[in-house]
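Dear colleague,

I am handing over the structure we spoke about, and my notes on it follow directly below. Please read them with the coordinates open beside you.

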Amino acid sequence: MLTMDDIVRDGHPVLRKVASEVALPPSDEDKQILHQLMEYVQNSQNPEIAERYGLRPGIGLAAPQINVSKRMIAVHVTDESGKLYSYSLINPRIISHSVEKAYLISGEGCLSVDDPHPGFVPRYARITVKGFDSEGKEVKIRLKGLPAICFQHEIDHLNGIMFYDHINTENPMEKPENAIAI
Ligand code: K2U
Ligand code: NI
């Protein structure tokens with residue numbers, strides 16, 4: 001199983017690379033990586049396992065964060081109505097998005113960033129994502145709320161973008177325009 005020792009930290013060059021597309025159907029090695037990403041996220045949300053292995057809780061994880069520069073992510077998050085969004089995706093891409101933005105009132109963190117970066121992170125309020133599951137089958141997902149924020153955070157990792165890149169440096173706490181607070 002993955003632990004925090006496997007998660008690279010800010011400053012590692014892999015976090016600033018554009019990750020490579022994954023060949024389909026995925027190889028056994030790529031399927032194993034995808035499984036490990038999801039396993040970490042689920043383990044990190046289990047208080048007993050997280051405490052026993054010192055896992056920082058997360059709702060998503062991208063392959064570059066374990067030093068694998070490939071376009072794979074895992075997301076395991078529940079929205080405000082209690083609906084679970086649990087997806088391990090290969091080559092995910094945002095195919096459409098709202099004009100309206102959204103941001104987390106609490107700001108964002110990252111398993112690869114140890115120090116805080118206070119400030120609002122403007123994201124699209126609603127997105128449609130296409131990708132492929134672990135068997136290479138196409139998946140299309142419409143997202144809003146925290147799941148939409150999480151998918152955008154993870155897809156950013158595949159493009160070498162960190163959450164704090166989006167924060168207004170002049171005024172980090174300035175409310176983003178045309179945006180809903182989550
Ligand atoms: O990619 C990662 O580093 C995992 C992040 C993803 C994330 C950060 C901010 C907003 C949405 C997703 C971790 O999940 S950070 C911990 C966390 C836990 C619950 C809610 C938000 C952030
Ligand atoms: Ni992150």
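A polar side-chain atom of Q65 lies 3.0 Å from an oxygen atom of ligand 1, and please keep in mind throughout that this is a predicted model. Two further polar contacts to ligand 1 can be listed beside that of Q65: a backbone N or O atom of I59 is found 2.8 Å from an oxygen atom of the ligand, and a polar side-chain atom of H153 is placed 3.1 Å from an oxygen atom of the ligand. Of the 480 Å² of accessible area that ligand 1 has on its own, the protein covers 83%, and the ligand sits in the largest pocket.

The shell around ligand 1 has 14 residues, of which I59, G60, Q65, L111 and E154 come nearest. By class, these shell residues divide into six nonpolar, six polar and two charged. As for where they lie in the chain, helix 3, which spans residues 145–158, supplies the largest share of the shell, with four residues.

H153, whose side chain makes the contact to ligand 1 described above, is also a donor to the metal. The nickel ion, which is ligand 2, has as its protein donors C110 through SG, H153 through NE2 and H157 through NE2, at distances of 2.1 to 2.3 Å. Along the chain these donors follow the spacing C-x42-H-x3-H. The pair C110 and H157 links distant parts of the chain, 47 residues apart, with C110 in the loop between strand 4 (101–103) and strand 5 (123–124) and H157 in helix 3.

Two points of backbone geometry, apart from the ligands, also deserve a look when you go through the model. Most residues other than glycine have a negative phi, and most peptide bonds are trans. Against that background, L24 and P25 are joined by a cis peptide bond, with omega at about -5 degrees, and P25 belongs to the segment before helix 1 (28–44). The other point concerns N91, a residue other than glycine whose phi is positive, near 50 degrees, and which is found in strand 3, residues 84–97.

With best regards

Methods. Residues are numbered from 1 along each chain as its sequence is written. Chains are lettered from A and ligands numbered from 1 in the order in which they are written. This is a predicted model: local features need pLDDT of at least 70, side-chain atom pairs count only at pLDDT 80 or more; totals for chains, interfaces and linings use all residues. Side-chain values use heavy atoms; hydrogens and water are left out. A residue is near a molecule or strand if one of its heavy atoms lies within 4 Å of it. A polar contact is a pair of N or O atoms within 3.5 Å; within protein, one must be able to donate a hydrogen and the other to accept it, and residues adjacent in sequence count only if both atoms are side-chain atoms. Accessible areas come from the Shrake-Rupley method with a 1.4 Å probe; for residues, only the protein chains shown count as cover. On a 1 Å grid over the protein atoms alone, a cavity is a set of points where a 1.4 Å probe fits but cannot get out, and a pocket is an open set with protein on both sides within 12 Å along at least five of seven lines; lining residues have an atom within 4 Å of a point. A molecule sits in a cavity or pocket if more than half of its atoms lie within 2 Å of its grid points. Helices (H or I, at least four residues) and strands (E, at least two) are DSSP runs, numbered from the N terminus. Ala, Val, Leu, Ile, Met, Phe, Trp, Tyr, Cys and Pro count as nonpolar, Asp, Glu, Lys and Arg as charged, and the others, Gly among them, as polar. Donors are N, O and S atoms within 2.8 Å of the metal (3.2 Å for Na, K and Ca); water is not among the atoms, so sites may look incomplete.
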